[in-house]
Amino acid sequence: MPINAEQQARLDSLSRLLSEENAIHNLTRITDPQEIQLKHFADSLAALPIIEDYIQSRNSDRPVKLIDIGSGAGFPWLALAVMLDNVHFTSVEATGKKVAFQEKAAALLGLTNYEVINGRAEELGHDPALRGKFDIATARALGSLAMITELAIPLLKCKGMFLTWKGPKVAQEIQLGREIARKIGARTPEIIPYNLPGTDPQESNLCFVKVIKSTATHHSYPRPFNIIKKNS
């Protein structure tokens, strides 16, 4: 999906706010405006074709609900929300100052299709108000494939899609990722390579991992975080 002038202006405003607030609150290591455009915005929006294909495949008029887990300073969901006004976004972030920034950024962007939850996914995955309620779950730069799959899948409806951003380490993580996906009611993870603007596709080590939920997740998942981390 091409970015139009109005959408680019909103992203530029977000970039300025992120730079200003980061100087005070240390929200991200990426501070250069060009790096923000590439490593936060372009990287987040690389998922758009996969998300749009999934939305079209649903063949449903119901509003699409997306939950972004461990969203930090708000990526990918803030960038995606600029482009997808037909999706309702829920952001889960455990750090209060990052939650506050997301709220400020969403207000600046004029977003209305969102909520930000200050909490932890391993706990919220057992909340009846959230468990099994989402069509799409995303996670970017959060943890190992096995760990984030266990956090995300319980939050999805059956046939829901989990999408995560990965790099070269995916080869080391994929086997454990497959094992946990099978245990919690999901299909075999699919690896989808992508590259950022200005990079050589032949040398790119970036990929998405897509996991589709197939059956209900056993009530024991997600497990306490110390157990998830120890086993992933």
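These are my notebook entries on a predicted model of a single chain.

**Entry 1: overall form**

I began with the chain as a whole and recorded nine helices and seven strands. The radius of gyration is 17 Å, close to the 17 Å that the globule rule gives for 232 residues, so I noted the chain as being as compact as a globular protein of that length. The C-alpha trace spans about 45 × 40 × 40 Å along its principal axes.

I then looked up burial and surface. Of the 232 residues, 50% are buried. The exposed surface comes to about 11,000 Å², and carbon and sulfur atoms supply 51% of it. I also checked how far apart in sequence the contacting residues are. Among contacts between residues at least 6 apart, 71% join residues at least 24 apart.

**Entry 2: helix α1**

I turned next to α1, which covers residues 5–25 and so has 21 residues. From first C-alpha to last it reaches 30 Å, close to the 30 Å expected at 1.5 Å a residue.

I looked at both ends of this helix. At the N-terminal end, Asn4 acts as the cap, with a side-chain oxygen 3.1 Å from the backbone nitrogen of Glu6. After the helix comes Asn26, and I recorded a positive phi for this residue, near 55°.

Which residues of α1 are buried? I listed Gln7, Arg10, Leu11, Leu14, Ser15, Leu17, Leu18, Glu21 and Asn22. Their cover includes α2 (33–45), α4 (77–83) and α5 (96–109).

**Entry 3: Thr138 in strand β4**

I selected Thr138, which lies in β4, residues 134–140. Its relative accessible area is 0%, so I entered Thr138 as buried. The side chain of Thr138 makes a polar contact of 2.8 Å with that of Asp68. Setting aside neighbours within four places in sequence, I found Thr138 in contact with Leu66, Ile67, Asp68, Ile69, Pro76, Phe162, Leu163 and Trp165. Asp68 thus appears both as the polar partner and in the contact list.

**Entry 4: salt bridges at Asp135**

I counted eleven salt bridges. Side chains of opposite charge can pair when their charged atoms come close. I followed those of Asp135 in some detail.

Asp135 and Arg58 meet through their side chains in a salt bridge, at 3.7 Å from N to O. Asp135 belongs to strand β4 and Arg58 to helix α3 (residues 48–58), so this pair ties together parts that are 77 residues apart in sequence. Both Asp135 and Arg58 are buried.

Asp135 also forms a salt bridge with Arg62, where the closest N and O atoms are 3.8 Å apart. Arg62 sits in the loop between α3 and β1 (64–69), so its pairing with Asp135 in β4 ties together parts that are 73 residues apart in sequence.

Buried or partly exposed: how do Arg62 and Asp135 stand? Arg62 is partly exposed, at 43% relative accessible area, whereas Asp135 is buried, at 3%. I closed the search here with a network of salt bridges that links Arg58, Arg62, Asp135 and Lys157.

**Entry 5: Lys166 and Glu173**

Last, I looked up the salt bridge between the side chains of Lys166 and Glu173, where the N to O distance is 2.9 Å. Lys166 has a relative accessible area of 11% and is buried. Glu173, at 16% relative accessibility, also counts as buried, since the cut-off for burial is under 20%.

Conventions. Residues numbered from 1 in each chain as written. Predicted model: local features only at pLDDT ≥ 70, side-chain atom pairs only at ≥ 80, totals over all residues. Heavy atoms only, no water. Helix = DSSP H or I, 4+ residues; strand = E, 2+ residues; numbered from the N terminus. Expected span 1.5 Å × (residues − 1). Buried < 20%, exposed > 50% of the residue type's maximum accessible area, 1.4 Å probe, protein only. Contact = heavy atoms within 4.5 Å. Polar contact = N/O pair within 3.5 Å; in protein donor to acceptor, adjacent residues only side chain to side chain. Rg over C-alpha atoms; globule rule 2.2 N^0.38 Å. Areas by Shrake-Rupley, 256 points an atom, 1.4 Å probe, with all protein chains shown as cover. Salt bridge = Lys/Arg side-chain N within 4 Å of Asp/Glu carboxyl O.
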